[in-house]
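Let's take a friendly walk around this protein, from its surface to its interior. Here is the structure to keep beside you as you read.

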Amino acid sequence: QVLWAQLHVSMILDEAGEPAFFLSQILDVTREEQGSNDLKVILDHLPVMVGAWNREQVNRFGNQFYGQMFGLDAASLPGRRHRDVIGEQNYQAVQDAVQGALRGETRSVEFELVRPGGEKRYMHLTYVPQLQDGQVSGYVNIGVDLTERYRAEQRLFEQEELARVTLASIGGSVVTTDAGGRVLLVRKQGSQIFMQPGGKPEPDETPAQTAVREVAEELALTLD
């Protein structure tokens, strides 16, 4: 069985200030170490960037996703400066948020992160200050990759804009039908709104006569 132990050693001095003997204390920290390992496994399998940094912006921990985003092994992150890990261009984009966290503020920023090799990812990063004895000792940052959602929103916007421009360019009436040719919705001449064709009958007008007249007026179509 393997146990994790924490060793504390204290030197005891005599009356002349010379070393007399020392005291040692060994604590079993197996449970705490196992909990720490479990947490690391969880963080390494999260699809988000998680990094911890001290006041000097030197890394204390980074999960696997954080390292992969910058082409690095997560085990190599501790001891590296934040600017060096993410690159100067990316650091300039998040610098204000980092400084805010060091002042004790929780800050968020969205920007286009540039990976090694030039690939761009649209990211949302949050910087949370870490406190020790009421003082900021560093910060943790969490990054969520929004690239696919951002691209989907862009595609949707482009499709909506194309539809708007197309409709605006049509001067006549538009009729929407299903596969069987049945009318679903219409856009009347001079209108931007789709609706069902129809209208109010004139005095002494039969329903069939109303339908013929309204379709002619709204859609410029002649019904038999």
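What follows covers a surface patch, a cavity and two single residues.

This is a predicted model, in which local features need pLDDT of at least 70, side-chain atom pairs count only at pLDDT 80 or more, and totals for chains, interfaces and linings use all residues. Residues are numbered from 1 along each chain as its sequence is written, and side-chain values use heavy atoms, with hydrogens and water left out.

On the outside, Leu7, Val9 and Ile26 make a nonpolar surface patch of about 320 Å². Leu7 belongs to strand 1 (residues 5-13).

Inside, there is one cavity of 30 Å³ or more (a set of points on a 1 Å grid where a 1.4 Å probe fits but cannot get out). The largest cavity has a volume of about 40 Å³, and its lining includes Met49, Tyr66 and Asn141. Helix 3 (82-86), strand 5 (107-114) and strand 6 (120-132) each give two or more residues to this lining. By class, the lining has nine nonpolar, two polar and no charged residues.

Here are two residues side by side, where buried means under 20% relative accessible area, exposed over 50%, and partly exposed in between (1.4 Å probe, protein chains only).

| Residue | Relative accessible area | Class |
|---|---|---|
| Leu7 | 55% | exposed |
| Asn63 | 0% | buried |

Asn63 sits in the loop between strand 4 (59-62) and helix 2 (64-69). Its C-alpha atom is separated by 8.6 Å from that of Val48, 15 residues apart along the chain.

Methods: Patches are made of residues with over 30% relative accessible area and no salt bridge: like charges are joined within 9 Å, nonpolar side chains (Val, Leu, Ile, Met, Phe, Trp, Tyr) within 5 Å. Accessible areas come from the Shrake-Rupley method with a 1.4 Å probe; for residues, only the protein chains shown count as cover. A salt bridge is a side-chain nitrogen of Lys or Arg within 4 Å of a carboxyl oxygen of Asp or Glu. Helices (H or I, at least four residues) and strands (E, at least two) are DSSP runs, numbered from the N terminus. On a 1 Å grid over the protein atoms alone, a cavity is a set of points where a 1.4 Å probe fits but cannot get out, and a pocket is an open set with protein on both sides within 12 Å along at least five of seven lines; lining residues have an atom within 4 Å of a point. Grid points are joined across faces, edges and corners, and a volume is the space filled by probe spheres set on the points. Ala, Val, Leu, Ile, Met, Phe, Trp, Tyr, Cys and Pro count as nonpolar, Asp, Glu, Lys and Arg as charged, and the others, Gly among them, as polar.
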